[in-house]
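Hello,

Here is the structure I promised to pass on. Please open it alongside this message.

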Amino acid sequence: MERTFIMVKPDGVQRNLIGEIVQRFEQKGYKLVGGKLMSISKELAEEHYGEHKDKPFFGELVSFITSGPVFAMVWEGEGVILTARQMMGATNPQEAAPGTIRGDYGVQVGMNVIHGSDSEESAKREIGLFFKEDELIDYNKTI
Ligand code: CMP
């Protein structure tokens with residue numbers, strides 16, 4: 001089953017939006033298979049955002065994502081990678097449609113509340129960066 005990596009960023013955690021965000025994905029019908037409140041090291045931040053390392057905002061991005069705890073999650077379900085991105089809305093919250101997470105809760109592109117994998121390949125990579133296999137639940141497995 002398809003899986004994606006979703007992270008409530010430090011601004012979302014500080015603004016008590018974890019519950020609201022989890023609720024949206026639960027109510028949509030996706031399954032939470034992993035989740036943890038954690039601090040991101042500079043090394044992990046630089047690796048996670050490696051594709052942006054040459055962008056002018058890279059330093060700002062790394063310092064923001066390491067500025068406070070994040071809530072990292074793995075969600076599972078049919079079409080979850082693309083649908084989660086639609087639920088999050090455009091990267092720039094000022095362009096995100098009302099009703100989307102960023103459209104409802106964000107204003108600035110840097111502090112845009114939430115991150116979600118943009119492809120199957122990045123989902124696999126990001127899940128592997130943040131979670132060990134035994135931290136993820138297989139609901140089909142009996143104990
Ligand atoms: P995210 O989906 O986490 O992936 C890369 C992040 O870079 C993006 O969300 C934005 O928060 C951030 N970003 C994109 N453009 C800018 C910018 N111009 N200034 C600061 N941060 C940016």
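Below is what was found in it, taking confidence, then the sheet, then the helices, then the ligand.

Confidence first. This is a predicted model. The chain has an average pLDDT of 97. A score of at least 70 is reached by 99% of the residues. For the complex, the predictor gives an ipTM of 0.92 and a pTM of 0.96.

Now the sheet. Four strands form an open sheet. Their order is 2-3-1-4, and the pairing is antiparallel. Strand 2 (31–38) and strand 4 (114–116) are at the edges. Each has a single partner strand, so one side of each has no neighbour in the sheet. On average, neighbouring strands are turned by 15° against each other, with direction ignored.

Look at one pair in detail. Strand 1, residues 3–8, pairs with strand 4 in the antiparallel sense. Three bridges join strand 1 to strand 4. Within this part of the sheet, isoleucine 6 stands opposite glycine 116 of strand 4.

Next, two helices. Helix 2 covers residues 18–28 and lies across strands 1, 2, 3 and 4. Helix 2 runs at about 5° to strand 3, which spans 70–76. Helix 7, residues 120–130, also lies across strands 1, 2, 3 and 4. Its angle to strand 1 is about 60°.

Last, the ligand. Which residues are around it? They are Lys9, Tyr49, His52, Phe57, Glu60, Leu61, Thr91, Arg102, Val109, Gly110, Asn112 and His115.

Three contacts to ligand oxygen atoms are worth a look:

- Lysine 9: an N or O atom of the side chain is 2.7 Å from a ligand oxygen.
- Valine 109: a backbone N or O atom lies 2.7 Å from a ligand oxygen.
- Histidine 115: a polar side-chain atom lies 2.9 Å from a ligand oxygen.

On its own, the ligand has 460 Å² of accessible area, and the protein covers 80% of that.

Best wishes

Technical notes
Residues numbered from 1 in each chain as written. Heavy atoms only, no water. Pairing = 2+ DSSP bridges. Axes fitted to C-alpha atoms, helices over the stretch in contact; angles between N-to-C directions. Contact = heavy atoms within 4.5 Å. pLDDT = per-residue confidence, 0-100. Near = heavy atom within 4 Å. Polar contact = N/O pair within 3.5 Å; in protein donor to acceptor, adjacent residues only side chain to side chain. Areas by Shrake-Rupley, 256 points an atom, 1.4 Å probe, with all protein chains shown as cover.
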